[in-house]
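User: I am new to this structure and would be grateful for a close look at a single part of it, the site of the ligand. Please describe that site carefully and then set it beside the open spaces found elsewhere.

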Amino acid sequence: MQHRSAWKNRWTFMLATAGSAIGLGNIWKLPYMIGMNGGSAFVLLFIACVFFVGIPLMMTEILLGRRAQKNPLNGIESLAIEANISPRWKYIGGMGMLTGLLILSFYSVIGGWVLSFITSAAMGSFTGITAAESTANFERLLASPITLLFWHSVFMVMTMSVVAHGVNSGLERANNILIPALFVILLILLGYSMSVGDMKTAFSFMFNPDFSKITPIVVLSALGHAFFSLSLGMGSVMVYGSYLQRNVSIARTTICIALLDTMLGLLVGLAIYSLVFANQLAPNAGPGLIFQTLPIAFGHMPSGNFIATLFFMLVAFAAWTSAISLAEPTIAWVVENTKISRKTASTLSGLAIWLVGVSVVLSFNEWQDIKIVFGLNIFETLDKLTSTILLPLGGLLMAVFAGYFMHKKHVHEELNLSNNAFRLWQFTNNYISPIAIIAVFLYLFGLVK
Ligand code: PHE
């Protein structure tokens, strides 16, 4: 039998999975999604989706991975054989691999923005910056395909060189320090925003429920973002689960990760919006939001350049660990099925993803006006396609597979829960998640108006 690596203990698995979950989704995407989707309405739905769909599904993904002990494609295939159903279920794994690569193609471009902000911060370019200057700065970056391309390439090389060496060889140690460090620096940022920003308006913008703002699009975006933020629906968590020992409690680990991930995102949101409202910026600025607002805060606080450099370094690290998990299902599959080495597989897929990333880079400048579908440019199309369709679809299929086709005894064994807790998981996995996802799809495809 092929030797497979494994996490050292529950803690390293938890940190690695948290490392996958915590990334640009929390720090870059959640804040601007909140602003573009009616503030508190989105926050409320997002939290509901994390609890009722995200948590049960994360448990499902881990249990699938741990039971199969293989990459998602072969893993689901052997679980299907064990359950006496068609091995074609394995294509869930194939779809997940593709989804991961598509996400990575734009994720790397945004990771590149973060890298370029590290250098700006280190060179002191935020000192005393005004809101207008900060916006202009960011627009200048977007208008330069060469700069974007350079940083996108650096980010891709960073990601694939770790993947080439095997995921659990060094990163798990780095995670130990860097995730707590990210939290500390966020608290500093939050403290600063609280003292100079408009925390009161930010708080009510994010948490004062305004049900009138709940529209089908907001529901769709919140569900999609719960998947994106928790890394669900494409096999990242499954492949990490496949390296997990038997004696670890899946439920407890999942709940810790989901809480950590959600809290972190909401804290960033609060810090950002109190700056947005204090500086009369637009909450619906879109993907540039944090890159336009944060320099204003850093530029005015004591030791701001130093803190900013540290902050963007930690964000880059968080993005890096997520990016690695986006590529891992594919690389694990190649390594476990072909004679191609991990290094070659990483290089080749890295090149392919990089190339798609080039079109994403251009969609922020030269190709801005090229619309693919529904008036969306290349970046927006990739983002919407993956977050609102592919990830939920992958999640739905995994939930149905585990809930309706696997032997109940096997699932029970993996989850190792009390009877009541098991029934609760079953209810959310078998009914709530599928119904929520299908309802959203019916709307999306225009079947329900
Ligand atoms: N969860 C990551 C983030 O929030 C992104 C991601 C999505 C990673 C899907 C893996 C799989 O940044």
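Analyst: The model discussed here is predicted. A suitable place to begin is a single contact: a polar backbone atom of G25 lies 2.8 Å from an oxygen atom of the ligand. The backbone of A21 also takes part, with a polar atom 2.9 Å from an oxygen atom of the ligand. A nitrogen atom of the ligand is involved as well, at 2.7 Å from a polar backbone atom of F228. The ligand would expose 330 Å² if taken alone, and the protein buries 100% of that area.

The surroundings of the ligand can now be described residue by residue and helix by helix. The ligand has 15 residues around it, and those that come nearest are A21, G25, Y107, F228 and S231. Four helices each supply at least two residues of this shell: α1, spanning 10–21, α2, spanning 24–36, α10, spanning 216–229, and α14, spanning 304–337. In terms of residue class, the shell contains 9 polar and 6 nonpolar residues, with no charged residues.

The next matter is the space that holds the ligand. Across the whole structure, a search finds 3 cavities of 30 Å³ or more. The largest of these cavities has a volume of about 130 Å³, and its lining consists of 17 residues, with S20, Y107, F228, S231 and L326 closest to the centre. The ligand takes up the space of this largest cavity. Y107, F228 and S231 are thus named both among the residues nearest the ligand and among those closest to the cavity centre. Helices α1, α5 (91–122), α10 and α14 each give at least two residues to the cavity lining. That lining comprises 9 nonpolar and 8 polar residues, and no charged residues.

The pockets may be considered next. The largest pocket has a volume of about 920 Å³. Its lining is made up of 39 residues, and L376, E380, T381, D383 and K384 lie nearest the centre. At least two lining residues come from each of α2, α6 (131–142), α10, α16 (378–405) and α18 (419–444). Among the contributors, α16 gives the most, with 9 residues. Helices α2 and α10 therefore appear in two settings, since each supplies at least two residues to the shell around the ligand and at least two to the lining of the largest pocket. The lining of this pocket includes 6 charged residues, together with 20 nonpolar and 13 polar ones.

The second largest pocket holds about 250 Å³ of space. Its lining includes F51, F52, I55, P56 and M59, as well as A251, I255, L417 and W425. Helices α3 (40–68), α12 (250–278) and α18 each give two or more residues to this lining, and α3 gives the most, with 5 residues. By class, the lining has 11 nonpolar residues, 1 polar residue and no charged residues.

To return to the ligand, its site combines polar backbone contacts from A21, G25 and F228 with a shell that has no charged residues.

Note on methods
Residues numbered from 1 in each chain as written. Predicted model: local features only at pLDDT ≥ 70, side-chain atom pairs only at ≥ 80, totals over all residues. Heavy atoms only, no water. Near = heavy atom within 4 Å. Polar contact = N/O pair within 3.5 Å; in protein donor to acceptor, adjacent residues only side chain to side chain. Areas by Shrake-Rupley, 256 points an atom, 1.4 Å probe, with all protein chains shown as cover. 1 Å grid on protein atoms, 1.4 Å probe; cavity = no way out; pocket = protein on both sides within 12 Å on 5 of 7 lines; lining within 4 Å. Sits in = over half its atoms within 2 Å of the grid points. Nonpolar A, V, L, I, M, F, W, Y, C, P; charged D, E, K, R; others polar. Points joined across faces, edges and corners; volume = space filled by probe spheres on them.
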